[in-house]
Structure formats: structure tokens, C-alpha cells
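Here are my notes on the model, set out as numbered points for you to check against the coordinates. Please read them with the sequence and structure open beside you.

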Amino acid sequence: MADKGRPQMKRKGRKEEVSAEKTKDVQTVKNEGERALDNGEAPSASNGDLQVEPMELPPFEIIQGDRIDPFAFKFQFKNVEYSSGRNKTFLCYLVDEGNTADGLQRGYLEDEHTGPHAEEAFFLQCLLNYDPALRYTVTWYVSSSPCSACAAKIAEVLKARSNIKLSIFSARLFEWEETEIQAGLKALHAAGCKLRVMKPLDFSYTWETFVENEEEPLNLWEDCKENYEYYQEKLADILQ
């Protein structure tokens with residue numbers, strides 16, 4: 001969550017000097033307010049000369065946009081085996097609603113795993129005006145495959161909405177050795193979701209389509225192809 005900083009304390013202007021005793025009282029209230037802020041509390045404006053704006057911390061929100069920062073993409077989508085520090089999910093999406101005037105919908109979602117995950121947020125934010133009469137072809141390019149909870153929710157959606165065809169291309173497999181993760185991937189597969197690990201060509205396509213690349217080509221890391229083959233083999237073993 002972004003640091004909102006401390007609320008600003010405003011003191012009413014005066015021409016006359018304040019007595020030493022009065023200054024001491026005001027300073028005491030100010031110190032108490034600062035201590036409350038340090039503890040994450042919102043101090044009340046009880047002194048007539050001291051006004052403290054209440055601290056309002058908004059709930060966590062999924063970031064939604066058109067283009068990803070190139071440095072974030074190179075770090076989050078790198079298909080390394082051990083993803084230390086990569087505690088977010090980036091989900092790039094394409095939505096084709098069939099014969100509609102809206103055309104192809106494109107964008108990305110980003111989460112920090114402190115609130116709703118990007119996979120769940122997609123159905124709430126990007127398919128907000130879902131129409132059962134349309135046929136949706138949805139493609140995701142994600143920095144890692146869904147967790148077990150998200151996999152179960154996605155499978156439920158696909159079963160309930162048979163007019164949605166979803167393909168998920170993952171840069172990495174999230175905790176693929178865990179039994180519940182494997183069960184979630186199998187449930188997705190059984191619900192008709194196409195699952196595949198991102199190939200080197202997919203990384204280049206995602207870079208060109210979803211990243212602020214300033215028309216610079218993506219220089220793939222040395223072991224990109226080997227890591228793809230490693231993850232794809234693990235996925236095939238899980239889904240067989």
C-alpha cells in the first residue's frame with residue numbers, strides 16, 4: 001500500500017504572541033497527535049488552535065492500466081525457477097466479445113497479494129458488463145499461474161458461464177510442487193481453460209502489446225527458452 005504520509009497540521013495565524021504556558025499546551029497536543037499517527041491512529045482535533053486532518057487509509061485497490069512499466073515487466077515476467085521478491089501478479093488480457101462494435105479489449109491488472117488477486121479482479125472489473133448472449137474469447141498473459149483459491153474461482157466462473165473461452169499463458173508456475181496448486185490447475189483444465197507456459201515468442205508479443213517499450217525490442221534473457229521448456233514439462237506432467 002502506498003505511503004500516504006502524515007496528515008498536515010494547520011495552526012491558525014495570530015498577530016499577538018502566545019504565552020509560554022499556552023505554547024507548551026499546544027506542543028503537548030501536537031506531540032500526542034504525532035504519537036497517534038506513528039501508531040496508525042487518527043488523532044482528534046480537540047484543541048481550539050490545532051486542527052488535525054483525519055487520516056483516511058483507502059482499501060487496497062487493484063491497479064488497472066494500458067501499458068506496464070518496462071522495468072516491472074522485465075522483473076515480474078522473468079521465467080526464473082525461484083521467484084524471490086516477485087510477490088505480485090501482473091495479468092495482461094485480451095477480450096474478444098465477438099460481433100460487437102466495441103472491438104478487442106486490451107489492458108493489464110496488477111495486484112500485491114494483499115487483497116483480491118488480479119485473476120478474481122478481472123471478472124469483477126473487466127467483465128463488469130458481462131452479457132450471456134455474447135461469446136467471449138479471453139486470453140491472459142500472466143507473470144505466474146493462479147494460486148489454488150483463484151484457480152477454483154476461475155473454474156466456477158467457466159462452468160457457470162459456458163460462453164467464456166479462457167486461455168492462460170503463464171511466465172512461471174506458482175508453487176507447482178504443492179498438491180493444492182496441482183489440483184487447482186487440473187480443475188481449470190477440466191473446466192475447459194487452456195493452460196500453457198509462455199514461450200519466448202509470447203514474451204516478445206507481450207512486450208510489444210502491453211509494455212511502455214518506446215519501440216525498443218525485448219532482449220530475452222539467456223535461459224528464457226530453457227526455463228520455458230522446464231515449466232512446460234512440469235505443467236504437462238500435472239495435467240496428464
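1. Does Glu-215 count as buried or exposed? At 76% relative accessibility, Glu-215 counts as exposed, where buried means under 20% relative accessible area, exposed over 50%, and partly exposed in between, with a 1.4 Å probe and protein chains only. This residue is placed in the loop between α6 and α7, and its phi is near 60°, a positive value in a residue other than glycine.

2. On the basis of the note: this is a predicted model, in which local features need pLDDT of at least 70 and side-chain atom pairs count only at pLDDT 80 or more, while totals for chains, interfaces and linings use all residues. Residues are numbered from 1 along each chain as its sequence is written, and side-chain values use heavy atoms, with hydrogens and water left out.

3. On the overall make-up: the chain has seven helices and eight strands, these being DSSP runs (H or I of at least four residues for helices, E of at least two for strands) numbered from the N terminus. Of the 240 residues in the chain, 40% are buried. The accessible surface comes to about 14200 Å², and 47% of that surface belongs to carbon and sulfur atoms; these areas come from the Shrake-Rupley method with a 1.4 Å probe, and for residues only the protein chains shown count as cover. Among contacts (heavy atoms within 4.5 Å) with a separation of 6 or more, residues 24 or more positions apart account for 74%.

4. On a second positive phi: Glu-175, which is not a glycine either, has a phi of about 45°. Glu-175 is found in the loop between β7 and α5 (179-190), and with 45% relative accessibility it counts as partly exposed.

5. On salt bridges: a search of the whole structure finds four, a salt bridge being a side-chain nitrogen of Lys or Arg within 4 Å of a carboxyl oxygen of Asp or Glu. Side chains of opposite charge can pair when their charged atoms come close. One of the four joins the side chains of Lys-88 and Glu-110, at 2.7 Å from N to O. This pair links distant parts of the chain, with Lys-88 in the loop between α2 (70-76) and β4 (89-96) and Glu-110 in strand β5 (residues 105-111), 22 residues apart. Both Lys-88 and Glu-110 are buried.

6. On a salt bridge within a helix: the side chains of Glu-229 and Lys-225 meet at 2.4 Å, N to O. Because the two residues lie four apart in helix α7 (residues 224-239), Glu-229 and Lys-225 are separated by about one helical turn. Glu-229 is partly exposed at 39% relative accessibility, and Lys-225 is also partly exposed, at 47%.

7. On Arg-196 and helix α6: the side chains of Arg-196 and Asp-202 form a salt bridge of 2.8 Å, N to O. Arg-196 is buried, with a relative accessible area of 18%, and Asp-202 is buried as well, at 9%. In helix α6 (residues 200-210) the buried residues include Asp-202, Phe-203, Trp-207 and Phe-210. The elements covering the buried residues of α6 include α2, β4, β5, β6 (136-142), β8 and α7.

8. On internal space: the structure holds two cavities of 30 Å³ or more. On a 1 Å grid over the protein atoms alone, a cavity is a set of points where a 1.4 Å probe fits but cannot get out, and its lining residues have an atom within 4 Å of a point; points are joined across faces, edges and corners, and the volume is the space filled by probe spheres set on them. The second largest cavity holds about 40 Å³, and its lining includes Ser-145, Ile-168, Leu-195 and Arg-196. The elements giving two or more residues to this lining are β7 (164-170) and β8 (194-197).

9. On the cysteines: with a disulfide taken as a pair of cysteine sulfur atoms within 2.5 Å, the count comes to zero. Cys-147 is in no disulfide, and the nearest cysteine sulfur, that of Cys-150, is 3.7 Å away. Cys-147 is buried at 15% relative accessible area, and Cys-150 is buried at 5%.

10. On strand β5: Leu-109 is found in this strand and is buried, with a relative accessible area of 0%. Leu-109 and Cys-92 are 17 residues apart in sequence, and their C-alpha atoms are 6.5 Å apart in space.

Terms used: 1 Å grid on protein atoms, 1.4 Å probe; cavity = no way out; pocket = protein on both sides within 12 Å on 5 of 7 lines; lining within 4 Å.
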